[in-house]
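Good morning, everyone. Please bring up the model on your screens, and we will walk through it together.

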Amino acid sequence: MLAFPAPFARVRPAPAEPIQAPPLPLGRFAQYRETVETWCASVDLAPDLANDIGSRTWLRGLATLLGLSAAAIALSPDFSAVEAATAMPLQARERDEFRSQSIAPLALGADSGRHMGATPLVRPLASVPERPAIQLVSTLGQSDNLGRMLERAGLGDGDIARVSQLVGQAVPVGDIASGTQFDITLGKRPAAGAARVLDSLDFRARFDLDLSIERSGSGLSLVRRPIRVDETPLRIRGTVGSSLYRSARNAGAPVAAIQSYLRAVDKYLSLESDLNANDQFDFVVAYKRSAKGERKAGDLLYAGVERAGKQRLQLLRWGKDGEMFSAGAVGQARSVQIGQPVAGGRITSPYGARRHPILGYVRMHAGIDFGAPYGSPIYAVADGTVSFAGRHGGHGNYVRLQHGGGLDTGYGHMSRIAVANGSRVRAGQVIGYVGSTGLSTGPHLHFEAYRGGRTINPSGIAIVSRPQIDGKERDAFMARLRAVLDVAPGAALGSVAPAQSEVTQDQREIDKLAPGSGA
């Protein structure tokens, strides 16, 4: 009976026995080296120390690193000087000469070369010729004067007195600004040991004037060189946007002018709540431009705010005191809220009956107490006249102001009084400092108000301000306002055109022959 395998059945071959290669005949050293290499490959003596920190493999790698580092330090070579023969034999004298010309002496103050004593062949000079002229620049410093500055420059007493006399004929010597530079040229000495004579002196006396002092046959003389100055005011307009200050700076306004504008507007409008992003700011600043290219910004002349094309606020600088007046209030009396007597003061005791903290019984508190640090300045809440300034019983150091219309204000417990009896004060002027004099338990200001001689509640009182500009002065004020508003924005930013006489003087003869020159 025959048996056949099933179709598609797989026949598994018998596993083959591994064939062992006969060992190669190796020497003892080669066998040892092969054993070490096999062990090192299986152990991995230099693992990555950034992985498996703290494990046995990591500690083994750290030991390898320390061992190799110790071996490198132990086997590091030593450094020592090596003597070498010179290209040519040097004696001590030549060696010193080369050493003096090397870089090493530079560390000792650059003292190079050999020092030689004077021999009989060396004779001192009887005299040394001086430079015929010396040109220098001297600067007038802080708390300095013209005489001391010229003396430091080397001028003699006679020239100093003459220069001071000549300069005083043009400008007051004391009005010369510190930092002014003087270009000075000194000539020869008239005698040995005498001061050099002044040949010329040039400086900028004012924004519109250069002065020169020159020596001629008759002595020193003054030469005035006026500088043409354009005084067209600088007008800047723009949109308030997210920040009035940044918008004005982007428009090119000077920092001092922006600060003056903000202070002026803040007295009439709240900069935080009364201004919208679409409002227009408008201000005019006094501005000077010289023919030499210098520019100088002055005081704020006009400050305005517009909303939807209509004037909301117009302020103009007017009067000898240079105050900013509102155009809408000219010729009209208006009610003005009094100011704060202490900056940042908090009300610690209101107006009304209370138990006195020292006397211990209930009585009328005819004022408002403002808590403030000792020595804080106290301000007048409105314009007025000092009717009393001195010690006043339980008020301690006390000041009383008369504001007109039967309204008075009083300020008590001051540490020091800053005004005199009968003097005139302005709103916001410092009249004293917070203290604790009189019947007081701590530093604070006792502020009170009187109407017709009787005390009233100081909170919320207003003062009727009479018109300070009226009659003919009002017409002049409005004319000045119209003139300021006629200035075009940016008109003052152009350069000053030279005068025709200056152009003719500076034109060369060959330039007159050029086409279009009119020659």
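Let's start at Gly367. Its relative accessibility is 0%, so Gly367 counts as buried. Where does it sit? Gly367 is in the loop between strand 15 (362-365) and strand 16 (368-371). Now look around it. Setting aside neighbours within four places in sequence, Gly367 touches Ser349, Pro350, Tyr351, His446, Phe447, Glu448 and Pro458. One more distance here: the C-alpha atoms of Gly367 and Tyr411 are 9.5 Å apart, with their positions 44 residues apart along the chain.

A word of caution before we go on. This is a predicted model. Mean pLDDT for the protein is 80, and 80% of the residues reach 70 or more. Over residues 1-12, pLDDT is below 50, and that stretch has 0 contacts in the model beyond near neighbours in sequence. Where is confidence lowest, and where is it highest? The low end is helix 9, residues 500-506, with a mean of 46. The high end is strand 22, residues 430-434, at 93. Back to residues 500-506 for a moment. Their pLDDT stays under 50, and the model gives them 2 contacts beyond four places in sequence.

Now the overall picture. The protein has 10 helices and 25 strands. It has 519 residues, and 29% of them are buried. The accessible surface is about 34200 Å², and carbon and sulfur atoms account for 54% of that. Take the contacts between residues at least 6 apart in sequence: 57% of them join residues at least 24 apart.

Next, helix 1. It has 16 residues. From first C-alpha to last it reaches 23 Å, close to the 22 Å expected at 1.5 Å a residue. Is helix 1 in the open or buried? Of its 16 residues, the number buried is 1, so helix 1 lies largely in the open. Right after helix 1 comes Asp44, with a positive phi near 60°.

Stay with positive phi values. Asp52 is in the loop between helix 1 (28-43) and helix 2 (56-74). Its phi is near 50°, positive in a residue other than glycine. Asp52 has 59% relative accessibility, so it counts as exposed. Ser143 is another case. Find it in the loop between strand 1 (134-139) and helix 4 (146-153). Phi of Ser143 is near 55°, again a positive value in a residue other than glycine. At 72% relative accessibility, Ser143 is exposed.

On to charged pairs. How many salt bridges does the structure hold? There are 18. I'll show you some.

Take Arg225 and Glu214. Their side chains meet in a salt bridge at 3.3 Å, N to O. Arg225 is in strand 5 (residues 219-226) and Glu214 is in strand 4 (residues 209-216), so to speak two distant parts of the chain, 11 residues apart. Arg225 is partly exposed at 36% relative accessibility. Glu214 is partly exposed too, at 33%.

Then Asp279 and Arg307. They form a salt bridge, with the closest N and O atoms 2.8 Å apart. Asp279 lies in the loop between helix 7 and strand 8, and Arg307 in strand 9 (residues 295-307), so the pair ties together parts that are 28 residues apart in sequence. Buried or exposed, what is Asp279? Asp279 is buried, with a relative accessible area of 2%. Arg307 is partly exposed, at 29% relative accessibility. Which residues does Asp279 contact, leaving aside neighbours within four places in sequence? They are Gly238, Thr239, Val240, Asp274, Val305, Glu306, Arg307 and Arg312.

Next pair: Arg426 and Asp383. The salt bridge between their side chains is 4.0 Å, N to O. Arg426 is in the loop between strand 21 (424-425) and strand 22, while Asp383 is in the loop between strand 17 (377-379) and strand 18 (384-391). The two residues are 43 residues apart, and they link distant parts of the chain. Arg426 counts as partly exposed, at 32% relative accessibility. Asp383 is partly exposed as well, at 23%.

To finish, a network. Arg204, Asp210, Lys292 and Glu294 are joined into one network by salt bridges that share partners.

Conventions
Residues are numbered from 1 along each chain as its sequence is written. Side-chain values use heavy atoms; hydrogens and water are left out. Helices (H or I, at least four residues) and strands (E, at least two) are DSSP runs, numbered from the N terminus. Buried means under 20% relative accessible area, exposed over 50%, partly exposed in between (1.4 Å probe, protein chains only). The expected span of a helix is 1.5 Å times one less than its number of residues. pLDDT is the predictor's confidence in each residue, from 0 to 100. Contact means heavy atoms within 4.5 Å. Accessible areas come from the Shrake-Rupley method with a 1.4 Å probe; for residues, only the protein chains shown count as cover.
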